[in-house]
Amino acid sequence: MAEKKIWSEKASMRDFYSTPIHWVLTFTTVGFYFLIIYLWRLNTRYSLTDERLIIETGILSKHIDEIELFRIKDTKLSQGLCQRFVGLGNISVTSTDSTPDLVMICLPNAKEKREQLRTLSNAARSKKGVRTLVHE
């Protein structure tokens, strides 16, 4: 059975325009800072399917990292003040995979995306019969 794509997003630049420190760094570097951030966000894509979380990064060379949903242990949402004003958020993912903790930055509708990720990871664990042990 083929994987079903749930969503695919690039990191947004909306927070860039509302954060004063970004403006200061852009002006002091004669626009170089903006160019680097813009290219990095333009070439970073986060995709969620019903089986995997896929992260594609790279400006000159491409790197693709995948986390199987049943391996996700925890998700967290964080939003800075400027991100809240423009409707963005960062989603942190902790997994049992060899991939270190992952942070997906500046995603629109981050609260809904985090909830979808949580629901799908729980469903994937149930489907595979994976159980989580809690040590106290």
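**Exercises: a pocket, a core and a strand**

By class, 5 nonpolar and 5 charged residues line the largest pocket, with no polar ones. Keep in mind that this is a predicted model.

**Exercise 1.** Find out which residues line the largest pocket and which element gives the largest share of the lining.

*Solution.* Start with the lining itself: D50, E51, E68, L69, F70, L120, A123, A124, K127 and K128. Next, look at where they sit: α5 gives the largest share, 5 residues. As for the space inside, the pocket holds about 180 Å³.

**Exercise 2.** Work out which element gives the largest share of the largest nonpolar core.

*Solution.* First, get to know the core: it has 21 residues, and Y46, L53, L69, V93, M104 and L117 have the most contacts inside it. Then list the elements that give two or more residues: β2 (45-49), β3 (52-57), β6, β7 and α5 (110-128). Of these, β7 comes out on top with 5 residues. To zoom in on one core member, take V93: leaving out residues up to four places away in sequence, it touches L53, I72, D74, T75, D101, L102, M104 and L117.

**Exercise 3.** Explain why strand β7 is largely enclosed by the rest of the structure, and find the strand that β7 is joined to.

*Solution.* Buried means under 20% relative accessible area. In β7 (residues 102-108), 6 of the 7 residues are buried, so the strand is largely enclosed by the rest of the structure. Now for the partner: β6 (residues 88-95) runs antiparallel to β7, and 5 bridges join the two. In one pairing, I91 has M104 in β7 as its bridge partner. Finally, β6 and β7 make a hairpin, with 6 residues between them.

Definitions and conventions:
Residues are numbered from 1 along each chain as its sequence is written. This is a predicted model: local features need pLDDT of at least 70, side-chain atom pairs count only at pLDDT 80 or more; totals for chains, interfaces and linings use all residues. Side-chain values use heavy atoms; hydrogens and water are left out. Buried means under 20% relative accessible area, exposed over 50%, partly exposed in between (1.4 Å probe, protein chains only). Helices (H or I, at least four residues) and strands (E, at least two) are DSSP runs, numbered from the N terminus. Two strands pair if DSSP finds at least two bridges between them. A nonpolar core is a set of buried Ala, Val, Leu, Ile, Met, Phe, Trp, Tyr and Cys residues joined through side-chain atoms within 4.5 Å. Contact means heavy atoms within 4.5 Å. On a 1 Å grid over the protein atoms alone, a cavity is a set of points where a 1.4 Å probe fits but cannot get out, and a pocket is an open set with protein on both sides within 12 Å along at least five of seven lines; lining residues have an atom within 4 Å of a point. Grid points are joined across faces, edges and corners, and a volume is the space filled by probe spheres set on the points. Ala, Val, Leu, Ile, Met, Phe, Trp, Tyr, Cys and Pro count as nonpolar, Asp, Glu, Lys and Arg as charged, and the others, Gly among them, as polar.
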